[in-house]
Amino acid sequence: MPPPSTILVSGASRGLGLAIVNDLLDTGHTVIALSRQRTVAIEALAKKHLDQIRWVEFDLSSPDAITSEWFQQFVSQDQPIHGFVSNAAVAYDDLVTNLQLDSLEHQMKINVFSPMILTKMMIRQLLLHQIGGSIIHISSISTQQGYKGLAMYAATKGAIEAFSKSTAKEWGPRKIRSNCVVPGFMETEMSSGLSQEAKERINNRTSLKEPTSITSVASTVKFLLSNDSRSITGQNIIVDSGTI
Ligand SMILES: NC(=O)c1ccc[n+]([C@@H]2O[C@H](COP(=O)([O-])OP(=O)(O)OC[C@H]3O[C@@H](n4cnc5c(N)ncnc54)[C@H](OP(=O)(O)O)[C@@H]3O)[C@@H](O)[C@H]2O)c1
């Protein structure tokens with residue numbers, strides 16, 4: 001993927017997604033940023049980078065609208081998209097014995113079904129333009145380590161890791177790569193409900209005794225989008241302060 005190129009980033013309004021968008025814009029990429037909210041931070045980036053960023057409002061809890069609406073309305077067939085960062089997700093945390101089907105379905109739509117359909121549409125775009133590309137799914141260290149209360153969330157991330165690996169095999173011959181970045185605990189809105197004690201317990205389980213740096217994860221994503229990572233596909237890259 002020679003820069004500057006166009007990258008689609010989901011969950012761009014805050015947290016890790018915002019950091020990824022920021023990093024890509026600074027590197028000269030054009031970004032199609034997707035989320036439900038146009039936050040103050042997105043507004044500031046739009047002012048700073050003007051023509052380089054296009055924010056599109058979309059609710060990923062309606063995966064069926066991706067094909068019928070989103071790609072029809074917002075992505076021109078003439079404009080190639082070289083990379084996709086599937087970052088948007090929600091965390092449904094509860095004990096397995098409290099599992100509610102509607103909450104599980106909601107989470108599956110955002111964390112699994114929408115990323116899969118967006119990947120399908122991305123690959124079709126890449127094939128149409130006869131270019132290779134890079135797809136990156138944001139997973140979670142919860143796929144590697146068990147965490148009480150995260151069984152339902154971890155299962156969605158495990159599904160995406162498996163999806164990514166087979167996507168890499170299926171489309172590698174067309175120079176389309178697929179990888180997962182697997183972050184450890186990061187200080188974002190998603191993790192803001194954890195008590196200080198719980199955060200300390202998680203940090204103490206890491207080699208570095210600190211939360212995972214959002215900028216370190218964003219830099220890894222940027223590397224996987226770049227041509228420097230052209231031989232890497234079908235992998236799960238763990239960025240987690242060394243969970244032990
Ligand atoms: N925080 C952690 O400790 C941690 C650890 C490992 C992995 N991760 C993963 O890292 C990624 C980023 O998480 P984060 O911590 O940055 O989370 P966050 O601060 O909660 O941000 C989540 C993003 O997803 C978007 N989103 C949520 N529901 C959506 C929907 N229905 N439609 C469209 N967009 C939606 C949100 O935008 P809107 O609300 O504006 O729609 C927001 O931009 C996720 O994949 C998460 O699973 C996080």
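Let's start at I66, which touches F58, L60, F71, S114, I117, L118 and M121, leaving aside residues up to four places away in sequence. Please keep in mind as you read that this is a predicted model. I66 is found in helix α3, which covers residues 64–74. Is I66 buried or exposed? It is buried, because its relative accessible area is 0%, and the cut-off for buried is under 20%. If you want a sense of distance across the model, pick out C180 as well: I66 and C180 are 114 residues apart along the chain, and their C-alpha atoms are separated by 22 Å.

From here, move along to S140, in the loop between β5 and α5. S140 counts as buried because its relative accessible area is 7%, again set against the cut-off of under 20%. Which residues does S140 touch, not counting those up to four places away in sequence? They are Y153, K157, E161, V182 and P183. There is also a polar contact to look for here: the side chain of S140 meets the side chain of S142 at 2.8 Å.

K157, one of the residues that S140 touches, leads us to our next stop, because K157 is also among the residues that line the largest cavity. Alongside K157, the lining is made up of S86, N87, A88, N111, P115, H137, I138 and I160. Three elements give two or more residues each to this lining: α4 (101–128), β5 (133–138) and α5 (151–171). By character, the lining residues divide into four nonpolar, four polar and one charged. The space inside the largest cavity is about 50 Å³, and the count of cavities of 30 Å³ or more comes to one.

N87 takes us from the cavity lining to the ligand. There are 30 residues around the ligand, and those that come nearest are S13, R36, N87, Y153 and T188. You have met Y153 before, as one of the residues touched by S140.

Which atoms lie at short range from the ligand? In the side chain of T188, an N or O atom is 2.4 Å from an oxygen atom of the ligand. M186 takes part through its backbone, where an N or O atom lies 2.9 Å from a ligand oxygen atom. For D59, look at the side chain: an N or O atom there is 2.8 Å from a nitrogen atom of the ligand.

Technical notes
Residues numbered from 1 in each chain as written. Predicted model: local features only at pLDDT ≥ 70, side-chain atom pairs only at ≥ 80, totals over all residues. Heavy atoms only, no water. 1 Å grid on protein atoms, 1.4 Å probe; cavity = no way out; pocket = protein on both sides within 12 Å on 5 of 7 lines; lining within 4 Å. Points joined across faces, edges and corners; volume = space filled by probe spheres on them. Helix = DSSP H or I, 4+ residues; strand = E, 2+ residues; numbered from the N terminus. Nonpolar A, V, L, I, M, F, W, Y, C, P; charged D, E, K, R; others polar. Buried < 20%, exposed > 50% of the residue type's maximum accessible area, 1.4 Å probe, protein only. Polar contact = N/O pair within 3.5 Å; in protein donor to acceptor, adjacent residues only side chain to side chain. Contact = heavy atoms within 4.5 Å. Near = heavy atom within 4 Å.
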